[in-house]
Amino acid sequence: LSDGNECLMQICGEFHDALADNAAAQAEAAAAAPVPTDDREECILKIDHMNDADGYKKTLRGWARALALSGRVLYANSGKRVHGVFVVLHGAPSSVGGFLQRLRTETVDVDRSGRPCKERQSTVLARRPLADRPPLEGFEEEEYEDADGALDVALERLGVLHCGVGAQRFGVR
């Protein structure tokens, strides 16, 4: 009788191991599979200026990494401060929402006196499904010349120069 119990325990153990291996393989496959573009959205932000541009961009880059977002930061530099900033984000709707919440609730820049401050002068220009376009890869910064048409060319290259329809449509210039 005890030999039968040992045999039954061995069969149960092998069955348990096979189930665990199968679950691990399914989890690995799910983690490796790309997120479908339909489940991603695009958010376009306009930020008036950055007084501490290096610190600000570093913070945005850190948030994007932590939230698994890809995107671009386009900006002009007048020498005194960075202005005309556009941020294009691609990722899961919950991650985009987390980024926007952090922008309003966490310290991201400094005011004219050098005191840390939150972002108060940003505008969400669009937030929409990414649709059939591939998401951006990585999170990069790009300075554009503060000249006629340079920003339009950069935004057009990203496919966001004009977005929305009707009253929601915007032109950045």
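The exercises below, each with a worked solution, concern a predicted model of one protein chain.

**Exercise 1.** Work out how many helices and strands the protein chain has, and in what order the elements run.

*Solution.* Begin by counting the elements, which gives four helices and nine strands for the protein chain. Next, read them from the N terminus on, and the order comes out as α-β-α-β-β-α-β-β-β-β-α-β-β. Then turn to the contacts with a separation of 6 or more, of which 70% are accounted for by residues 24 or more positions apart. Finally, look at burial: of the 173 residues of the protein chain, 33% count as buried.

**Exercise 2.** Describe helix 3, stating its span, its buried residues and the elements against which those residues pack.

*Solution.* First, take the extent of the helix: helix 3 covers residues 93-105, which makes 13 residues, and it reaches 18 Å from its first C-alpha to its last, close to the 18 Å expected at 1.5 Å a residue. Second, list its buried residues, which are Ser95, Val96, Gly98, Phe99, Leu100 and Leu103. Before going on, recall that an α-helix has 3.6 residues a turn, so residues three or four places apart point the same way. Third, find the packing partners: the buried residues of helix 3 pack against strand 1 (41-50), helix 2 (53-66), strand 3 (82-91) and strand 6 (122-129).

**Exercise 3.** Decide whether Ser122 is buried or exposed, and name its contacts beyond its neighbours within four places in sequence.

*Solution.* Start with the location of Ser122, which lies in strand 6. Its relative accessible area is 9%, and because buried means under 20%, Ser122 counts as buried. Once the neighbours within four places in sequence are left aside, Ser122 is in contact with Lys46, Ile47, Leu103 and Arg104.

**Exercise 4.** Characterise the largest pocket by its volume and its lining residues.

*Solution.* The first step is the volume, since about 190 Å³ of space lies in the largest pocket. Of the 14 residues that line this pocket, the closest to its centre are His49, Asn51, Asp109, Cys117 and Gln121. The second step is to sort the lining by character, which gives four nonpolar, three polar and seven charged residues.

**Exercise 5.** Find the number of disulfides, and compare the exposure of Cys43 with that of Cys117.

*Solution.* Remember that a disulfide is a covalent bond between the sulfur atoms of two cysteines. With a cut-off of 2.5 Å between cysteine sulfur atoms, the count comes to zero disulfides. As for exposure, Cys43 is buried, with a relative accessible area of 0%, whereas Cys117, at 23%, counts as partly exposed.

Note on methods:
Residues are numbered from 1 along each chain as its sequence is written. This is a predicted model: local features need pLDDT of at least 70, side-chain atom pairs count only at pLDDT 80 or more; totals for chains, interfaces and linings use all residues. Side-chain values use heavy atoms; hydrogens and water are left out. Buried means under 20% relative accessible area, exposed over 50%, partly exposed in between (1.4 Å probe, protein chains only). On a 1 Å grid over the protein atoms alone, a cavity is a set of points where a 1.4 Å probe fits but cannot get out, and a pocket is an open set with protein on both sides within 12 Å along at least five of seven lines; lining residues have an atom within 4 Å of a point. Ala, Val, Leu, Ile, Met, Phe, Trp, Tyr, Cys and Pro count as nonpolar, Asp, Glu, Lys and Arg as charged, and the others, Gly among them, as polar. Helices (H or I, at least four residues) and strands (E, at least two) are DSSP runs, numbered from the N terminus. The expected span of a helix is 1.5 Å times one less than its number of residues. Contact means heavy atoms within 4.5 Å.
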